[in-house]
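Subject: Model handover

Hi,

Here is the structure for your files. My notes follow below it.

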Amino acid sequence: MKFETKVIHSGLEPDPSTGAIIPPIYQTSTYVQSAPGVHKGYAYARTDNPTRRILEQNIAAIENAKYGICFSSGMAATDAVLKLFKPGDEIISTNDLYGGTYRTFMRIFEPLGIKFHFVPMHDLAGIQEKINDKTKMIWVETPTNPMLNIIDIEVVCDLAKKHNILTCVDNTFASPYLQQPMDLGADIVLHSATKYLGGHSDVILGALVCNDDGLFERLKFLQNGTGAIPGPFDCFLVSRGIRTLHLRVQRACENAAKIAESLRGYKGVNKVFYPGFSDHPGHDIAKRQMRDFGAMISFTIDEDTLEAGSRVLSNTHYFSLAESLGGVESLIGHPPTMTHASIPREERIKLGMTDSLIRLSVGIESADDLIADLKQAIDRL
Ligand SMILES: *Cc1c(COP(=O)(O)O)cnc(C)c1O
């Protein structure tokens, strides 16, 4: 089955009792048993819920995985992955990482005894240097946030397999329409379904997929044991969002390509970071492992100050100033004062995040309107 068919049909069967093409939202906490322990496959709704199961099967299918497991947020999914490990274990991660993930690593799991190493992951030797017999996982995020660096997933997974190390890929920025890390050798793929999968900025939800039976058992045990499950209505919203994932992401990518092109060379704009440019350092890898180059763009302006960067943000009309990404509406953000404000300035500049760096999550409005909006905001500097 092709991707476009899977998003609409996988996991979804008409309701057997009424024929409703969309099954009802099972807003229930428990299920009646005909005798102790005799039930229809559902005993208690923390453990399993039919609305959630539809979503879990769908996400597994569109990521080319055997199993899907949903959580109350992307961070709850991350938390479950990290609970696979014990004190003394080590994890190697990309250094250009989602801020909330970094915070969970350093403020929750490092004090519990897990050690993290952060490396620029396009440098294989750098990863290799940190591998020892305590290394249990490599954590990949690509494209990275907000610098849009590209990491070769297959190369990293091959290295990990050679050392018997698990790989977890946070696929939130690309979405499964653009990139399918299980096919490239990942053991676990993680999503903040809050972003492209949900797609309408109206729900918080997380998901994991995997192929290995043992890994699934442990993650499922953690989901039930910890209880960070999504409610049935939130599962319904994400299922509904996924049915148009391919159309939304495709249009957003087309818009992003046009916007990146018109920002580059525009008066007042300094650098534009976009993997679709043939001179972007990760362009060839992106071309190989992604269907398109994504709908995230970062850029800096000539007046490279915090003040000028935030002035552009307050001058746009269609780009709303907000954290998050992946919705139908375009968003604009200023990582140095927003998502990445907790990183010391020197560290931030080393990663390429200079003071004026602006990040765009391009939506599916008219590209002409979006371009005009950005240009007038830059002109007013
Ligand atoms: C948003 C995000 C998360 C966290 O997901 P929530 O649903 O907000 O908990 C993790 N990784 C990436 C790349 C994200 O963008």
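Leaving aside its neighbours within four places in sequence, which residues is Pro335 in contact with (heavy atoms within 4.5 Å)? They are Pro146, His340, Ala341, Met353, Leu357, Ile358 and Arg359.

First, the ground rules. This is a predicted model: local features need pLDDT of at least 70, side-chain atom pairs count only at pLDDT 80 or more, and totals for chains, interfaces and linings use all residues. Residues are numbered from 1 along each chain as its sequence is written, and side-chain values use heavy atoms, with hydrogens and water left out.

Pro335 sits in the loop between β11 (331–333) and α12 (345–350); helices (H or I, at least four residues) and strands (E, at least two) are DSSP runs, numbered from the N terminus. Its relative accessibility is 2%, so Pro335 counts as buried (under 20% relative accessible area, 1.4 Å probe, protein chains only).

Next, helix α13. It covers residues 367–379 and spans 18 Å from first C-alpha to last. That is close to the 18 Å expected (1.5 Å times one less than its number of residues). Its buried residues include Leu370, Leu374 and Ile378. The buried residues fall within an arc of 160° (directions from the helix axis to the C-beta atoms), so they line one face. Their cover includes α9 (245–263), β8 (269–273) and β11. At the N-terminal end, Ser366 is the cap: a side-chain oxygen lies 3.2 Å from the backbone nitrogen of Asp368.

Last, cysteines. The whole structure has 0 disulfides (cysteine sulfur pairs within 2.5 Å). Cys168 is buried at 0%. Its sulfur is 10 Å from the closest cysteine sulfur, in Cys157, too far for a bond.

Best wishes

How values were computed. Buried < 20%, exposed > 50% of the residue type's maximum accessible area, 1.4 Å probe, protein only. Contact = heavy atoms within 4.5 Å. Polar contact = N/O pair within 3.5 Å; in protein donor to acceptor, adjacent residues only side chain to side chain.
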